[in-house]
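Subject: Structure for you to look at

Dear colleague,

I am handing over the structure we spoke about, and below it I have written out what was found, so that you can follow each point with the sequence and the 3D view side by side. Please read it slowly and look up each residue as you go.

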Amino acid sequence: MAQSDDLIIAGRRFKSRLFLGTGKFSSGASLEQAIHSSETEVVTVALRRVDLSSTEDDILTKIDRERILLLPNTSGARDAEEAVRLARLSRELGGGDWVKLEVTPDPVYLLPDPIETLKAAKILVKEGFNVLPYINADPILCKHLEEAGCATVMPLGSPIGTNQGIRTLANLEIIIEQSNIPVVVDAGLGLPSHAAQAMELGADAVLVNTAIAIAKDPAKIAYAFKLATEAGRISRLYSNSGISTSKKASASSPLTGFLEEESRNVHGVI
Amino acid sequence: MYTELFDKISFSEAKEKVLSKSKIDIESSLHSSYSGKPLNFEEYLSLLHPLADSYLEEMAERALNWTKKRFGNTISLYMPMYLSNECRSSCVYCGFSFENKIPRKTLNESEIRAESEVLYSKGIRHLLILTGEDYSITNLEYLRSAVRILKSYFDSISIEIYPMDQEKYEILIGEGVEGLVVYQETYDPETYSKYHLRGMKKNMRYRLDAPDRGGLAGFRRIGVGALLGLSDPYGEMFRLGEHAHYLSKKYWRTTIQISLPRMRPAEGEFDKTIFVSDREYVRFLFALRLFLPDSGLVQSTRESIHMRNHLAGMPITHMSVESRTDPGGYSGGEELKQFEIEDSRKIEEFTEMLRKKGLDPVFKDFDRAFLQVPDRIV
């Protein structure tokens, strides 16, 4: 892929458009292999799951932080206050200025709370964080988050962990069309073809966790997601996406025939 | 600000970008237009190319389809009210130019009321107020007083006046102004400096960023446009599409409207008009519709009856009617018009034409209640 097609988020350049979540892997080794074969450059970790102050944390030791962006997330936070507290803690412990903002008060479906997410995003942006909020596929919320200064929006394709693929198609299309910041489709992508579809729609990147982590061979599936993400991106850039059938003009020119009707044509002539 | 985008490519490069498109690009763009999604910018540029003329009927069909999908069978009507023809700028193509020795007039309060009553009695509820570029005579205080009178008659008031700072726009919004119209005239810097000799209007970049300042101030509608005939039309259409698209992406609460006036005869001796044929003009409009399906496309009475009758609803969505371009013209003032109009039909005749075409003329599509301004007094 040409250099000019790199993904840029908050000034940082990424070649890979596949983000990897770290929950649900069977082992640190399995995660490590998936990171390697996916060639991901963004790995998100739950702040509640890792010990940022430790140099021996099982997940953190698998991430080459020279090459890969460690993206701490606030999963488990039930409101803005909790999420902000987690993010600040992360920074204090050397987690950096990047945060994937997750506010999910509902423990069953883990659906994001739009009001608390926006509230937390405004606070964190003011405090200098690069905020990547996980949200429902709500186009208006995306615009509010963009105005608040978020680095991306991360709308869900379908509820987290469900592997249902893209069930929010109509709204994702609007979000992608309207957004001035990168759109990362997050949650619900169960198959590489789902990732390809998201990229064909025009998403800037996808985040996958469960589908890779619980696969029979996570490394192989991580590789398949890498290829699918790239294929979708290439398709988006170089094919006529979404083409249906073409329809030729009728010979009688019923809609533009009026241009022949009047020989008088003085407009614009002084 | 739009100027950041504007600086990335020169006017001549923009023109060349359009003219470098091939037949394959055009066919590919048309193919994309069947996807059910708006064209992207490159596809839009392809359809501006002269070779796209061979596909005009197909473009018309798609444009009609989008217009119906987004606007239904409606045409929003508005009328302009010229508050003043005082102008301190010298624009060589404009009848109001400071250089032209014409009688000057600025409406006083009772004249504004007289004009308003005529327009109100015609059923008009959407008003566009215009002035020349005289920052002292038609200053902020004058405009505020005018709007205070006008808002007791009209539901929607838009301004097409000299560019202002964001703060002043905010004050006018607070008074009840809903929409802003700032036509760039020409996006070609060379032509711009050649045709705008003196006055505030000479500052091209201040004008270029005026829609941004309007967006930041919070106008609900912003209209942009290029006056076709001043410079190369391909460069103008590149810029206009780019500008409108940028604004619609950035100011997402604001509806962006586009106008594509062609040069008309006016007071003065300007004779450098670049001819834009009906066919080209229509092709440009279709391309805009396929690129920006949600943007209102505005057409004034500058165009002929023939063109207006056929373009209403395909792709035009907003039309002025029975316009006078002279201050006080509706209530019987002197002839001080800015330019000659072409379609002088009365509202009744015009709306009858629309209805015969199956289009619904819309006189009111906004309510003052949105703006929390006082109730109607008439």
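In chain A, residues 24 or more positions apart account for 64% of the contacts that have a separation of 6 or more. Please keep in mind throughout that this is a predicted model. Chain A has nine helices and 10 strands, and its C-alpha atoms fill a box of roughly 85 × 40 × 35 Å along the principal axes. Of the 270 residues in chain A, 52% are buried, while the surface that chain A exposes comes to about 12,400 Å², with carbon and sulfur atoms supplying 51% of it.

A good helix to start with is α4 of chain A, which covers residues 139–148 and is mostly covered, since seven of its 10 residues are buried. The buried ones are P139(A), L141(A), C142(A), K143(A), L145(A), E146(A) and A148(A). What do these buried residues of α4(A) pack against? Their partners in chain A are α3 (114–126), β7 (130–135) and α5, and they are joined by α12 (233–250) of chain B. The two ends of the helix are also worth a look. At the N-terminal end, D138(A) acts as a cap, with a side-chain oxygen 3.0 Å from the backbone nitrogen of I140(A), and just after the helix G149(A) takes a positive phi of about 100°.

Next comes an annotation from a record. An unreviewed UniProt entry places the feature "binding site" at G161(A), A187(A), G188(A), N209(A) and T210(A). Although these positions are spread over 50 residues of sequence, they cluster in space, with a largest C-alpha distance of 9.1 Å. Two of them can be compared by their surroundings. G161(A) sits in the loop between β8 (154–155) and α5 (169–178) of chain A, and it counts as partly exposed because its relative accessibility is 32%, which falls between the 20% and 50% limits. T210(A), by contrast, lies in helix α7 (residues 210–213) of chain A and is buried, with a relative accessible area of 11%. Leaving aside neighbours within four places in sequence, G161(A) is in contact with K24(A), G188(A) and T210(A), whereas T210(A) is in contact with K24(A), G161(A), N163(A) and A215(A).

Now to the aromatic rings, for which the count is 13 aromatic pairs over all chains. One of them is formed by Y169(B) and F219(B), whose ring centres are 5.3 Å apart and whose planes meet at 75°, so the pair is edge-to-face. Y169(B) lies in helix α8 (residues 166–175) of chain B and F219(B) in the loop between α11 (210–217) and β7 (221–226) of chain B, so the pair ties together parts that are 50 residues apart in sequence. Are these two rings buried or exposed? Y169(B) is buried, with a relative accessible area of 0%, and F219(B) is buried as well, at 1%. Elsewhere in chain B, F41(B), Y44(B), F238(B) and F291(B) form one aromatic cluster. Two arginines also lie over ring faces: R239(B) over F6(B), at 4.2 Å from the ring centre, and R262(B) over Y281(B), at 4.2 Å from the ring centre.

Two further residues of chain B deserve your attention. H126(B) is in strand β3 (residues 126–130) of chain B and is buried, with a relative accessible area of 11%. H126(B) and K364(B) are 238 residues apart in sequence, and yet their C-alpha atoms are 6.6 Å apart in space. Besides K364(B), the residues in contact with H126(B), neighbours within four places set aside, include L77(B), Y78(B), M79(B), S156(B) and D365(B). The side chain of H126(B) reaches the backbone nitrogen of D365(B) at 2.9 Å.

The other residue is S304(B), found in the loop between β9 (296–299) and α14 (305–311) of chain B. S304(B) counts as buried, at 2% relative accessibility, and a polar atom of its side chain lies 3.0 Å from the backbone nitrogen of M307(B).

With best wishes

Methods:
Residues are numbered from 1 along each chain as its sequence is written. Chains are lettered from A and ligands numbered from 1 in the order in which they are written. This is a predicted model: local features need pLDDT of at least 70, side-chain atom pairs count only at pLDDT 80 or more; totals for chains, interfaces and linings use all residues. Side-chain values use heavy atoms; hydrogens and water are left out. UniProt positions are given in the numbering used here, feature names are shortened, and annotations may be inferred rather than shown by experiment. Helices (H or I, at least four residues) and strands (E, at least two) are DSSP runs, numbered from the N terminus. Buried means under 20% relative accessible area, exposed over 50%, partly exposed in between (1.4 Å probe, protein chains only). Contact means heavy atoms within 4.5 Å. Rings of Phe, Tyr and Trp (its six-membered ring) pair if their centres lie within 6.5 Å; planes under 30 degrees apart count as stacked, over 60 as edge-to-face and the rest as tilted. A charge sits over a ring if NZ of Lys or CZ of Arg is within 6 Å of the ring centre and within 35 degrees of the ring normal. A polar contact is a pair of N or O atoms within 3.5 Å; within protein, one must be able to donate a hydrogen and the other to accept it, and residues adjacent in sequence count only if both atoms are side-chain atoms. Accessible areas come from the Shrake-Rupley method with a 1.4 Å probe; for residues, only the protein chains shown count as cover.
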